[in-house]
Every structure is written in structure tokens, then in C-alpha cells.
Amino acid sequence: MSLAKERKLNPRQLATDVLAKLDVSEWCEKVEIAGAGFLNFHLKTSTLAKTLESAARGEHLFFEKASQPRTVVVDFSSPNVAKPMHVGHIRSTILGDSLARTLRLLGHRVVTDNHIGDWGTQFGKLLVGWKTQLNADAILADPIGEMERLYKAVNAASEADPAVLEQAKQELVKLQNGDEENLGIWHEMIKLSEIQFKTIYDRLGVKFDYSLGESFYNPMLKSVVQELRDKGIARESEGAVAVFSDGTLPPKQDPFLKQEDGEWKPNPCLIQKSDGAANYAGTDLATLAYRLQTWHPAEIVYVTDGRQQLHFQQIFATFRRWHPEAKVKLAHVWFGSILGEDNKPFKTRSGETVRLSNLLDEAEERAYQVVSEKNPEAPEGQRREIARVVGLGAIKYADLLPNRQSDYVFSWDKMLALNGNTAPYLQYAYARISSIFRKGGVESAPAGTGGRVSVTLTAPDEMTLSKHLLNFGLVLDAMVEEYRPNYLCNYLYELAGHFARFYEHCPVLKAEPTERATRLVLCTLTALVLRQGLEILGIETLEQM
RNA sequence: GCAUCGGUAGCUCAAUUGGAUAGAGCUUCUGACUUCGGAUCAGAAGGUUGGGGGUUCGAGUCCCUCCCGAUGCACCA
């Protein structure tokens with residue numbers, strides 16, 4: 001079809017011409033022209049069966065590793081020290097983790113790096129709070145809550161009284177100049193925060209190769225700014241240092257220009273504040289240079305929310321001017337905001353954000369209710385474990401399923417739904433397959449044993465399921481190409497659906513020997529793809545639920 | 001004002017990037033065998049894809065225009 005467009009030919013005629021010159025009889029039963037000029041290739045059942053057999057022997061799982069593995073740095077999660085991780089952090093964490101897992105599966109070298117917010121102006125206020133009104137009991141019982149309280153208290157006080165703000169600035173300067181007491185407190189705050197991060201990441205099953213926070217780049221900032229000035233990329237403006245347009249891009253594509261009242265005006269990117277301290281952009285440039293020099297990646301992926309689009313356009317454009325020779329691909333994988341029911345950034349009724357740990361607790365609790373209802377005879381410990389896997393799976397899947405670029409309204413019920421297009425539906429399909437093997441007393445997988453397997457496909461539901469299995473690799477490639485895990489979610493949901501229909505119509509254990517062997521292979525392969533697919537979404541599977 | 005993203009069934013979302021009759025879930029209604037797990041399956045109902053124009057074999061998708069919403073646009077990250 002696209003060929004016809006390109007060559008301005010009649011699609012139907014072109015299809016006929018192509019068909020005349022085509023010989024795919026090795027794989028295809030027949031090729032038909034349909035509709036406006038589509039070529040429908042009818043795959044030979046024997047070809048399909050052979051592909052299933054080779055997969056059953058463990059030779060592949062319907063995808064290929066990348067022919068040219070690349071090094072990819074994935075930057076995601078990025079929580080702030082002294083603040084609780086809230087629902088806003090979940091999308092970056094889950095998205096980044098699933099992208100990293102998928103890239104690894106496809107054979108790429110992946111470096112995950114958590115760019116923790118451990119430096120910046122908030123520490124001035126935090127230090128004032130720590131020194132003047134720290135509650136010793138609270139900091140032990142709920143360190144994050146106490147630090148958050150301190151920050152809010154000083155923040156409110158400094159709005160009312162400029163003297164407090166001045167005090168905070170001075171504490172910050174002391175910290176930046178290496179004051180021993182302030183550095184000690186700062187380290188303590190980081191330590192307390194890291195305990196919280198680790199607890200959450202352990203629950204989510206998320207791991208980082210590196211957690212190089214903003215403070216790590218502190219020693220490099222001065223020279224980065226100096227170099228950019230020396231090269232004429234950045235210059236002083238109103239006391240700060242900023243990057244302006246160099247006029248090489250068309251104005252519409254130039255992130256350093258904006259249109260106002262019909263005129264193009266400068267839209268600079270500040271890399272150093274007028275007080276001499278670096279800001280977000282300056283730190284990000286230093287980070288980018290460090291990553292390039294340290295890991296030599298072919299690609300760097302930033303998973304952050306959509307409000308930072310302009311920021312990253314400016315960072316990337318600045319970097320291109322700074323290192324025009326660098327071939328690295330820079331990708332800002334952004335996602336929409338989580339909104340409250342009033343369509344504004346999400347807050348609870350009391351104005352707080354929902355803590356991530358509370359969300360996870362609630363998910364497990366709701367799943368526990370369901371498990372106990374469906375499975376009252378199972379021992380308590382097992383019910384808890386099932387609830388953990390199902391609850392966390394539901395949350396992750398709910399976050400990965402929608403197109404990442406759209407905002408969504410937060411709702412407990414939606415986030416924690418256990419019916420419909422949800423993780424439990426996929427996990428249930430997997431558990432049913434496990435149950436077949438348990439009941440039948442048969443080994444699940446001829447896979448990997450090199451044993452002889454023979455597949456003979458006849459029933460329509462067998463065919464549909466088989467064809468869908470073959471598409472796994474295409475979906476993985478598309479997911480990595482577009483950084484969209486929802487492609488995989490939809491694929492797995494359809495796979496589970498096809499399996500459910502197969503399960504209804506095609507008895508496995510009671511079938512005749514030939515049929516039974518084929519159907520056991522289909523069960524095995526479906527289970528393997530489901531487990532592999534869920535695993536790279538960061539979702540666990542269960543033999544029983 | 002300019003820019004980015006979005007507006008699809010009562011609700012929440014898909015639609016392989018321009019392809020075939022726009023698909024799912026939730027909700028509502030109907031049905032499923034002493035059967036491998038009913039967290040399931042089958043069926044019904046529900047649509048002028050925000051409005052209008054254009055491009056072509058073909059448009060939810062691309063272009064123009066208007067309406068509505070979210071977000072960003074100089075020292076927060």
C-alpha cells in the first residue's frame with residue numbers, strides 16, 4: 001500500500017503485479033488479493049507447527065536478540081531526599097524499570113541510574129528546621145514524615161518572615177562551603193531517605209545499577225559552565241549564565257526562541273543562577289557529559305513527566321552544540337500527570353499527596369480480601385503471598401496499560417481493579433495452565449530438554465493462539481522502539497484471551513494422545529510467553545492463586 | 001499570546017503511526033454441560049471519533065480553522 005502511494009500506482013494493480021512475481025510457496029499455502037489491494041498471506045499450518053516445535057525444544061521464544069546490541073542508559077524514578085515517595089513517582093519508576101528490563105531481554109547492555117534529588121535549595125530550609133525544631137521521637141518513628149514536617153514548617157515561616165528565609169539561605173551557603181555540622185546533618189537526611197527508597201524499591205522489585213544523585217556532580221559544575229562559556233555557547237545575562245539561540249535552527253524548531261506578539265524572542269536556558277550556584281539544567285548537562293564519558297552509551301533515556309519537555313529540548317540542543325561529534329541518541333520518554341477528580345494535580349482531601357507506601361499497602365489489602373473470598377481454605381501465609389503478587393501486579397499493570405502521554409485521573413478503584421484488562425487476568429491464565437500440569441501429573445515443559453515434540457494443529461482456537469504466540473517478538477521490538485510498554489500489555493491481554501477461548505473449547509488432558517501432545521505444547525509456550533512478558537513488565541506470576 | 005499533549009460508546013481507555021466492518025474493560029440485560037480452576041467463557045445493548053473544511057484508492061490518525069481541557073514559557077527541580 002505504501003509502495004503504491006510512493007509510486008502513484010493503483011494499489012490493486014500493483015498487488016496483482018507483485019503477486020505474479022512472488023514465490024513464497026515454501027511458507028504460504030496461498031496468497032490472496034483483498035479489498036483495496038491488500039495481500040493476504042495464508043501461512044502454511046506446517047510452518048506454524050514447525051515454529052512451535054522449535055520453541056518447545058527451547059531454541060527460541062518467538063523473539064530474537066538484537067543483532068547489534070547497544071549500551072543504553074536509563075534514567076528514571078529520581079525521588080527527592082527528605083520527601084516521601086508519592087503516587088507521582090510511580091509512573092517514572094514502573095515505566096523506566098519495564099523499559100530497562102525489556103532492553104536487557106533483547107540483549108542490550110543497560111545501565112540504570114537513579115538521579116536522586118539530594119542537593120539544592122530545599123536543604124537550606126531543612127537545615128533550619130532540623131536545628132530549631134527537630135522532634136527526636138518523630139525522626140525515629142517516621143523520619144520522612146518528620147523531615148517533611150520540618151520543611152513545610154520552615155517554608156511557611158519564611159513566607160511570613162523574611163529573616164527566616166535569610167537564615168535558610170545562610171545555612172545553604174554553609175552547606176555548600178563544606179561546613180562540617182551541616183554536612184553531617186545533610187548526610188543523615190540522605191541516609192534516612194535511602195532507607196525509605198530501598199523499602200519501596202524492594203517491594204516493587206526495582207533495582208538500580210547506580211544511584212548517582214545531584215550532589216555527585218557538584219564538583220564538575222564549575223568547569224562545565226566555564227567550558228560552555230569558553231566555547232561561546234553560554235554567556236552571562238542579568239547576573240546568571242544562560243544559553244541563547246545560535247540561529248542555526250529554524251525559529252519554529254529552536255528551543256531557545258519563543259513567539260510573542262508575532263515576534264521571535266529569546267527563550268534562554270539558565271545553567272547557573274545569579275548567586276553562582278548551578279541549577280537543574282547545569283546539573284543535567286554535567287550528568288550527561290559524565291554518562292557519556294563513563295559508559296559510552298549509544299542511547300540515553302530520561303523517564304520524567306511531560307512538564308519537563310522544554311527543559312530537555314534545551315538540554316539536548318545545548319549538548320549538541322557542546323559535543324557536535326557525539327552520536328548518542330537522547331530520548332525524553334515523558335508521561336502525563338496524575339490528576340485528582342477535580343482535574344488538578346492529585347492531592348488527598350487534606351491536601352497531601354498519597355504516599356506510595358500507602359498505595360502499595362492498600363493494593364495488597366484489597367487483593368487479600370479477594371483471595372480470602374475465592375480461596376478461604378488456603379493457609380494465611382499463602383493468601384498473603386498471593387495478595388502481594390496480585391496487588392502489586394494490578395498497580396503496575398494499571399500504570400503501564402494507558403498510553404503514557406495522556407494524563408489520568410487517580411482513582412483507587414481503577415488503580416486496584418482486579419477484573420477486566422488487568423494483571424490478575426493474565427496471572428489467572430498462567431495459574432490455570434500450571435493447574436493443568438499439576439492435575440495431569442505431566443512435566444510442564446519439553447522445552448529445553450531437546451526431546452522430541454510433535455505439533456499438529458487442527459482446531460481454530462489452536463490456530464489463533466499459535467499465530468498470536470508468533471507475534472511476541474514484533475511487539476517487543478515495537479515497545480522498545482517507541483518506549484511504550486502498553487503495546488506489550490495489550491499483546492499479553494490478547495494472548496490470555498486467546499488462551500481462555502482455547503481452554504474453553506479444547507480439552508487438554510482428556511484429548512487423544514496426538515491432540516494432547518500438541519495442546520500441552522501450546523499450554524507450555526503460552527505459559528512461557530506470559531511469564532516472560534509479565535516479568536519484563538516487572539510483574540510476578542503464581543502457580544496457584 | 002506562543003508551544004506541547006489530549007478530546008473516541010453512559011464511564012475508563014485501545015486502535016501495530018495512513019489500511020480492511022473503530023476494538024476492550026467497567027456498567028446494564030441474557031445465557032454456559034455433575035467437565036483441565038466461574039478471578040472464566042458466549043451473546044445483546046451502546047459511535048456523525050469535539051465542530052467545520054481539505055489532501056487520496058483509503059483519514060480517529062496528515063494539513064487548515066474554530067471550540068474545550070491539562071501543562072510549560074529566567075534564576076524550583
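**Salt bridges, cores and pockets in a predicted model**

Visitor: Is Arg519 buried or exposed, and at what relative accessible area?
Guide: In this predicted model, Arg519 has a relative accessible area of 5%. Since buried means under 20% relative accessible area, Arg519 is buried, at a relative accessible area of 5%.

Visitor: With which residue do the side chain atoms of Arg519 meet in a salt bridge?
Guide: The partner lies in helix 20 together with Arg519, four residues apart in that helix, or about one turn. It is Glu515, which at 30% relative accessibility counts as partly exposed, whereas Arg519 is buried. The N to O distance of the salt bridge is 3.3 Å, and the partner of Arg519 is Glu515.

Visitor: Which residues are joined into one network by salt bridges that share partners?
Guide: Side chains of opposite charge can pair when their charged atoms come close. A search of the whole structure finds 31 salt bridges. Where such bridges share partners, one network results, and its members are Lys131, Glu171, Lys174 and Glu181.

Visitor: How many residues apart in sequence are the parts that Asp399 and Arg91 tie together?
Guide: Asp399 forms a salt bridge with Arg91, with 4.0 Å between the closest N and O atoms, and both Asp399 and Arg91 are buried. Because Asp399 belongs to helix 14 (residues 380–400) and Arg91 to helix 4, the pair ties together parts whose separation in sequence is 308 residues.

Visitor: Which parts of the structure does the pair of Asp246 and Arg321 tie together?
Guide: The side chains of Asp246 and Arg321 meet in a salt bridge at 3.4 Å, N to O. Asp246 is partly exposed, with a relative accessible area of 36%, and Arg321 is partly exposed as well, at 21%. The pair ties together parts that are 75 residues apart in sequence, namely the loop between strand 6 (240–243) and strand 7 (257–260), and helix 12 (residues 309–322).

Visitor: Which helix gives the most to the largest nonpolar core?
Guide: The largest nonpolar core has 109 residues, and those with the most contacts inside it are Phe62, Met189, Leu488 and Leu492. With ten residues, the element that gives the most to this core is helix 20.

Visitor: Which residues is Leu488 in contact with, leaving aside its neighbours within four places in sequence?
Guide: Leu488 is among the residues with the most contacts inside the largest nonpolar core. Once its neighbours within four places in sequence are left aside, its contacts are Phe472, Val475, Leu476, Met479, Gly533, Ile536 and Leu537.

Visitor: Which residues lie nearest the centre of the largest pocket?
Guide: This pocket holds about 1100 Å³ of space, and its lining divides into twelve nonpolar, 15 polar and eleven charged residues. Helix 4 (88–105), helix 7 (143–160), helix 11 (280–295) and strand 10 (299–305) each supply at least two residues of that lining. Of the 38 lining residues, those nearest the centre are Asn80, His86, His89, Asp305 and Arg307.

Visitor: Which helix supplies the largest share of the lining of the second largest pocket?
Guide: The second largest pocket, with about 840 Å³ of space, is lined by 30 residues, among them Gly120 and Lys273. Helix 5 (122–133), helix 8 (162–176), helix 10 (218–230) and helix 11 each supply at least two of its lining residues. The largest share, six residues, comes from helix 8.

Technical notes. Residues numbered from 1 in each chain as written. Chains lettered and ligands numbered in written order. Predicted model: local features only at pLDDT ≥ 70, side-chain atom pairs only at ≥ 80, totals over all residues. Heavy atoms only, no water. 1 Å grid on protein atoms, 1.4 Å probe; cavity = no way out; pocket = protein on both sides within 12 Å on 5 of 7 lines; lining within 4 Å. Points joined across faces, edges and corners; volume = space filled by probe spheres on them. Nonpolar A, V, L, I, M, F, W, Y, C, P; charged D, E, K, R; others polar. Core = buried A, V, L, I, M, F, W, Y, C linked by side-chain atoms within 4.5 Å. Buried < 20%, exposed > 50% of the residue type's maximum accessible area, 1.4 Å probe, protein only. Contact = heavy atoms within 4.5 Å.
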